[in-house]
Amino acid sequence: MTEPAEDPDVASRRLAHESLAEDDPTGWFERLYSAAQDGEAVVPWDRGSAHPLLSDWIETAQPDGTGKRALVVGAGTGWDAERICDLGYTTTAFDISPSAVATAKQLHPDSKVEYRTANLLDPPAEWHHAFDLVVEIYTVQALPIDLQPAATKQVGEQVGPGGTLVVIAVVRSDEVTDEQLEGPPWPLSRAGIDAFGTDDLQLIQLDRVPSPSSPTYAQVRAEFLRD
Ligand SMILES: C[S@@+](CC[C@H](N)C(=O)[O-])C[C@H]1O[C@@H](n2cnc3c(N)ncnc32)[C@H](O)[C@@H]1O
């Protein structure tokens with residue numbers, strides 16, 4: 001008899017816990033994407049299309065990316081980056097996992113997106129304040145709580161003058177403490193969303209979609225604008 005396949009969420013958490021035990025909080029992403037390339041794992045968050053809250057934002061805001069630059073953070077297999085690129089933005093999409101980047105290139109062979117391996121915690125200096133649009137979906141919450149402030153700060157720092165930041169994240173209610181989270185993921189607090197903002201990167205819109213299965217968690221889309 002063949003063994004039943006392990007649930008993708010359980011399998012990715014197992015890889016994550018092995019990585020965390022080795023004091024390597026991001027190493028499991030490469031292990032997961034690499035195993036998925038070999039057909040030995042499934043990437044649980046890979047939707048095969050752009051995130052619905054990103055598509056909804058595009059339909060409402062109708063951004064015209066002509067002559068503008070966009071950066072997609074923790075881009076995984078590239079579905080959100082492709083959607084952004086279709087709007088005319090010169091788009092850079094990066095991920096810490098070389099196998100994720102390779103998979104994105106394979107999945108979108110005619111893409112105009114520049115797919116790169118890079119670490120949000122140590123991004124290329126030339127990206128600083130360089131983008132008209134930065135899109136962050138579920139990357140910060142995939143990092144342990146102690147790394148989230150530095151990651152959050154780096155997301156905002158890539159937004160250029162007059163630029164927009166769109167953050168999509170799972171947010172927990174205020175009763176849930178950091179200590180109660182058994183990540184990954186480690187959903188953000190409401191203060192964790194506000195932390196993307198600074199004096200000159202202001203929150204201009206916050207939309208909240210409650211979880212149908214839990215009153216404690218909601219999907220949040222936050223839009224920030226730099227002066
Ligand atoms: C939960 S997944 C979300 C992927 C994608 N944004 C989406 O919504 O489908 C988190 C992604 O962030 C990437 N990642 C994690 N830490 C990173 C870091 N420090 N720098 C760049 N990418 C990172 C992972 O490899 C993974 O693709």
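**Figure 1. Trp-45 in the loop between α2 and α3.** Let's start with Trp-45, which sits in the loop that links α2 (27-37) to α3. Keep in mind that this is a predicted model. Is Trp-45 buried or partly exposed? Its relative accessibility is 32%, so Trp-45 counts as partly exposed; the buried class stops under 20%. Setting aside neighbours within four places in sequence, Trp-45 is in contact with Trp-28, Phe-29, Leu-32 and Tyr-33. Thr-77 is 32 residues away from Trp-45 in sequence, yet C-alpha to C-alpha the two are 10.0 Å apart.

**Figure 2. Helix α2 and what it packs against.** Here we move to the helix that comes before that loop. Buried in α2 are Gly-27, Trp-28, Phe-29, Leu-32, Tyr-33 and Ala-35. An α-helix has 3.6 residues a turn, so residues three or four places apart point the same way. Which elements do the buried residues of α2 pack against? They pack against α1 (8-21), β2 (90-95) and α5 (98-107). Just past the end of α2, Gly-39 takes a positive phi of about 75°.

**Figure 3. Helix α3 and its partners.** On the other side of the loop that holds Trp-45 comes α3. This helix covers residues 52-61, and its buried residues are Leu-53, Leu-54, Ser-55, Trp-57 and Ile-58. Those buried residues pack against one helix, α4 (79-85), and against the strands β4 (131-137), β5 (159-172), β6 (201-210) and β7 (217-226). Right after α3, look for Gln-62, with a positive phi of about 45°.

**Figure 4. Val-113, just before β3.** Val-113 is found in the loop between α5 and β3 (114-117). With a relative accessible area of 9%, Val-113 is buried. What does Val-113 touch, if we skip residues up to four places away in sequence? The list is Ala-81, Glu-82, Cys-85, Thr-91 and Ala-93. Take Glu-82 from that list: it is 31 residues from Val-113 along the chain, while their C-alpha atoms are separated by 6.8 Å.

**Figure 5. The nonpolar cores.** The largest nonpolar core has 24 residues. Val-134, Leu-165, Val-167, Ile-193, Phe-196 and Phe-224 have the most contacts inside it. At least two residues of this core come from each of β1 (69-73), β4, α6 (148-157), β5 and β7. Which element gives the largest share? That's β5, with five residues. Another core, of 22 residues, lies apart from this one and includes Cys-85, Tyr-115, Leu-133 and Ile-168.

**Figure 6. A closer look at Phe-196.** Again leaving out neighbours within four places in sequence, Phe-196 is in contact with Glu-136, Val-140, Thr-152, Val-155, Leu-165, Val-167, Leu-188, Leu-201 and Phe-224. Among these, Leu-165, Val-167 and Phe-224 are, like Phe-196 itself, residues with the most contacts inside the largest core.

**Figure 7. Zooming out to the whole chain.** The protein has seven helices and seven strands, and from the N terminus they run α-α-α-β-α-β-α-β-β-α-β-α-β-β. A compact globule of 227 residues would have a radius of gyration near 17 Å, and the protein agrees because its value is 17 Å. The C-alpha trace spans about 60 × 45 × 35 Å along its principal axes. Of the 227 residues, 47% count as buried. Of the contacts between residues at least 6 apart in sequence, 62% join residues at least 24 apart.

Terms used: Residues are numbered from 1 along each chain as its sequence is written. This is a predicted model: local features need pLDDT of at least 70, side-chain atom pairs count only at pLDDT 80 or more; totals for chains, interfaces and linings use all residues. Side-chain values use heavy atoms; hydrogens and water are left out. Helices (H or I, at least four residues) and strands (E, at least two) are DSSP runs, numbered from the N terminus. The radius of gyration is taken over C-alpha atoms; the globule rule is 2.2 Å times the number of residues to the power 0.38. Buried means under 20% relative accessible area, exposed over 50%, partly exposed in between (1.4 Å probe, protein chains only). Contact means heavy atoms within 4.5 Å. A nonpolar core is a set of buried Ala, Val, Leu, Ile, Met, Phe, Trp, Tyr and Cys residues joined through side-chain atoms within 4.5 Å.
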